[in-house]
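Biologist: Before we use any label, I want the criterion behind it. Show me the structure, and then I will ask.

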Amino acid sequence: MIQTVIFISALICAVIFSSARADACTLFAAAGDDFVMGGGTLIAKTRDRWPQYNGARLYAPKDGYSYYAIVAGRESGNMTPRGGINEKGLAVVTASASAASMALLCKLPLIGNISANLLSHCANVEEAIEHIHGYRGQFVMLADKRETALVVISPDGTPHVTRAKRSHLYRTNHYAEPELECFNVKPAVSSHVRYERIRTLLNETPNPFSIDDFIRFADDRHDGPDNSIWRTGGESRVITQAALVVHIPPNGSPDIYVKYIKDPAQKEKFETLRLNAQDIFNASTRTYDV
C-alpha cells in the first residue's frame, strides 16, 4: 500500500512537471537611453517546446487589467497565456528552471498561470515584484517604461531580484547564480549554449538596441537546430514555437512584435504580427474574457 501511494505520488509529480514546467525559453531585456533606442525598455521571449498550437489573444478580465499575450496549448481550444503586456504598460515573460531538481520542483503548488496572474493584477515592475509569491523554479522577467527586472525563484520558493534601469538582462533555463547552481541537476546543454549566445549578442551589438535588433536576436540560428535561440529541431523534437518582443517607450504606446507557429502540423508556417498597444487596448470589443 505504501509503495502504491509513493508510486502514484511520483507519477502525479512527473505529470505536473512535464506538463507545467517543460517550456524552454530565452528571455532578454534592456532599459535606459544608453541601451534602448528612443528610451524606455525592450523585453523579449522565445518559447521552445515540442510542437503545440500557438496564438496571440487579448484578455479582458472582469476583475483586472486587460492584457495581450502569446498563448499555447496541446489543443487549439485550450491555450493559456505564456507572456505578454497589459493595458498599463507592464510586460511579463517567464521561463522554467528545467535544469533544476525535479524532487524539489514537484512540490510546486498549483496556484495558476503566473503570466496571467501578474498581467491582470499589476501595473508596473514594482507591483509585480511584490505580487510574486507561491511559485518555485521560475524565471520571471519584467518591464515597464522605467525599468526592467529579473526575478529568479529558487526551487524552495525564494525570490532573487535584479532590477535594471540602465543595463541589460538575460536568462535561459538554468540557475546561473553561484549560490543556486547546486540545483542544476541536468546537463541543460541547450540552455547553456543559448545563455552564452544571448550574452554575446547583447554585449557585442552596438548600443542602443532597437526593437529590430531584439527581433533579430530572437531569430538567431547561430548554434544549429537544437541549441540556437530560434530552434528548428534536429535530434530533439523541441522547436521554437513563438517569439514576443516589446518596446515600451518613455512616452507613447508600446510596440509589439509576435511570431508563432499556429498549427503544429505545419511547423514551417509562421504567423507574424507588428502591433501597437494603443490599437489593441482601445478596441471597442473585447473578445476574450477570463
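The exchange below sets each label against its cut-off.

Biologist: What kind of model is this, and how are residues numbered?

Modeller: It is a predicted model, in which local features need pLDDT of at least 70, side-chain atom pairs count only at pLDDT 80 or more, and totals for chains, interfaces and linings use all residues. Residues are numbered from 1 along each chain as its sequence is written, and side-chain values use heavy atoms, with hydrogens and water left out.

Biologist: How many helices and strands are in the protein, and what makes a run count as one?

Modeller: There are 8 helices and 13 strands. Both are DSSP runs, numbered from the N terminus: helices are H or I with at least four residues, strands are E with at least two.

Biologist: Why is Ala-188 called buried?

Modeller: Buried means under 20% relative accessible area, exposed over 50%, partly exposed in between, with a 1.4 Å probe and protein chains only. Ala-188 has 19%, so the label is buried. Ala-188 is in the loop between β10 and α5. Its phi is near 50°, a positive value in a residue other than glycine.

Biologist: What share of the protein is buried?

Modeller: Buried residues make up 53% of the 290 residues. The accessible surface comes to about 12900 Å², and 52% of that belongs to carbon and sulfur atoms. Those areas come from the Shrake-Rupley method with a 1.4 Å probe; for residues, only the protein chains shown count as cover.

Biologist: What makes β7 and β8 a pair?

Modeller: Two strands pair if DSSP finds at least two bridges between them. β7 (residues 138-143) and β8 have 6 bridges, in the antiparallel sense, so they count as paired. One bridge sets Leu-142 against Ala-149 of β8. A hairpin of 4 residues joins the two strands.

Biologist: What lies on the other side, between β8 and β9?

Modeller: β8 and β9 (residues 159-164) run antiparallel and share 6 bridges. Ile-153 stands opposite Pro-159. The hairpin has 5 residues between the strands, and Gly-157 in the turn has a positive phi of about 95°.

Biologist: What makes β8 mostly covered?

Modeller: In β8 (residues 148-153), 6 of 6 residues are buried. Thr-148, Leu-150 and Val-152 point one way, Ala-149, Val-151 and Ile-153 the other, and all are buried.

Biologist: Which sheet holds β8, and which strands are its edges?

Modeller: It is an open sheet of 7 antiparallel strands, ordered β3-β4-β5-β6-β7-β8-β9. β3 (53-59) and β9 each have a single partner, so one side of each is left without a neighbour in the sheet. Neighbouring strands are turned by 20° against each other on average, direction ignored. Helix α3 (residues 114-121) lies across β4, β5, β6 and β7, at about 25° to β5.

Biologist: How is that angle defined?

Modeller: Axes are lines fitted to C-alpha atoms, for helices over the stretch in contact, and angles run from 0 to 180 degrees between N-to-C directions.

Biologist: What is the order of the 6-strand sheet?

Modeller: It is β10-β1-β2-β11-β12-β13, open and antiparallel. β10 (167-171) and β13 (270-276) stand at the edges with a single partner each, so one side of each lacks a neighbour in the sheet. The twist averages 10° from one strand to the next.

Biologist: How do you know that the span of α5 is close to expected?

Modeller: The expected span is 1.5 Å times one less than the number of residues. α5 has 16 residues and reaches 22 Å from first C-alpha to last, close to the 22 Å expected. Helix α5 (residues 189-204) lies across β1, β2 and β10, at about 165° to β10. Its buried residues include Arg-194, Ile-198 and Leu-201.

Biologist: What makes a set of residues a nonpolar core, and which members touch the most others in the largest one?

Modeller: A nonpolar core is a set of buried Ala, Val, Leu, Ile, Met, Phe, Trp, Tyr and Cys residues joined through side-chain atoms within 4.5 Å. The largest has 33 residues; Ile-43, Met-141, Tyr-175 and Ile-256 touch the most other members. β11 gives the most, with 4 residues.

Biologist: Which residues does Ile-43 contact beyond its neighbours within four places in sequence?

Modeller: Contact means heavy atoms within 4.5 Å. Among the partners of Ile-43 are Phe-28, Val-93, Met-141, Phe-214 and Leu-244.
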